[in-house]
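Please open the model in your viewer and keep the selection tool at hand. We will go from the whole chain to single residues, one selection at a time.

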Amino acid sequence: MTPPAPLTLELMALPKEVPLLRRNVREHLGGPCADVQLCVSEMLGNVIRHVGEGTPVVVRVSGGAGGRVRVEVTDSGARALPVLVRAGGDDEYGRGLALLDAISLRWGVRQEEGRKTVWCDLGGA
């Protein structure tokens, strides 16, 4: 089966956008894709929390149809680089990248002038 064309969404990093983004990803990939939906949720949540609510972002999802899926979230927070930390049992924050690290095949950050892209590769939708 041929993977769908890449999905590119431009949106504002707002909490109300998270469920809409998950639904768009699920529809784009043609069915349940819990790991991909979790990754886009955590990545957008990190922009909201660490770069700022209302920051313009571009979300890209490519691949699929049983193969690898790449998720990329680009924002203007070039200085707000993600850091994998170990959250304590009572900590309210600090698990997003740990989840991303646990369920993705690999992830990273690509820096460009005035922006960054956090990406991850998943085993399939």
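The tour below starts with the overall fold of this predicted model.

Begin with the whole protein in cartoon view, where you can find three helices and five strands, which follow one another from the N terminus in the pattern β-α-α-β-β-α-β-β. If you then colour by burial, the buried residues make up 39% of the 125 residues.

Next, select the five strands, which form an open sheet in the order S1-S2-S3-S5-S4 with antiparallel pairing. Strand S1 (7-12) and S4 stand at the edges, and because each has a single partner strand, one side of each is left without a neighbour in the sheet. Neighbouring strands here are turned against each other by 15° on average, if direction is ignored.

Now narrow the selection to strand S2 (residues 56-63) and strand S3 (residues 69-75), which run antiparallel and are joined by seven bridges. Which residue in S3 is the bridge partner of Gly 63? The partner is Val 69.

Add helix H1 (residues 17-29), which packs on the sheet and touches S1 and S2, while its direction makes about 170° with that of S1. Then add helix H2 (residues 34-50), which lies across S1, S2, S3 and strand S5 (115-122) and runs at about 10° to S3.

Finally, select Trp 107, which lies in strand S4 (residues 106-112), and show its side chain, which is joined to the side chain of Asp 101 by a polar contact of 3.0 Å. With Val 71 selected as well, you can see two residues that are 36 residues apart along the chain, while the C-alpha atoms of Trp 107 and Val 71 are separated by 9.3 Å.

Note on methods
Residues numbered from 1 in each chain as written. Predicted model: local features only at pLDDT ≥ 70, side-chain atom pairs only at ≥ 80, totals over all residues. Heavy atoms only, no water. Helix = DSSP H or I, 4+ residues; strand = E, 2+ residues; numbered from the N terminus. Buried < 20%, exposed > 50% of the residue type's maximum accessible area, 1.4 Å probe, protein only. Polar contact = N/O pair within 3.5 Å; in protein donor to acceptor, adjacent residues only side chain to side chain. Pairing = 2+ DSSP bridges. Axes fitted to C-alpha atoms, helices over the stretch in contact; angles between N-to-C directions. Contact = heavy atoms within 4.5 Å.
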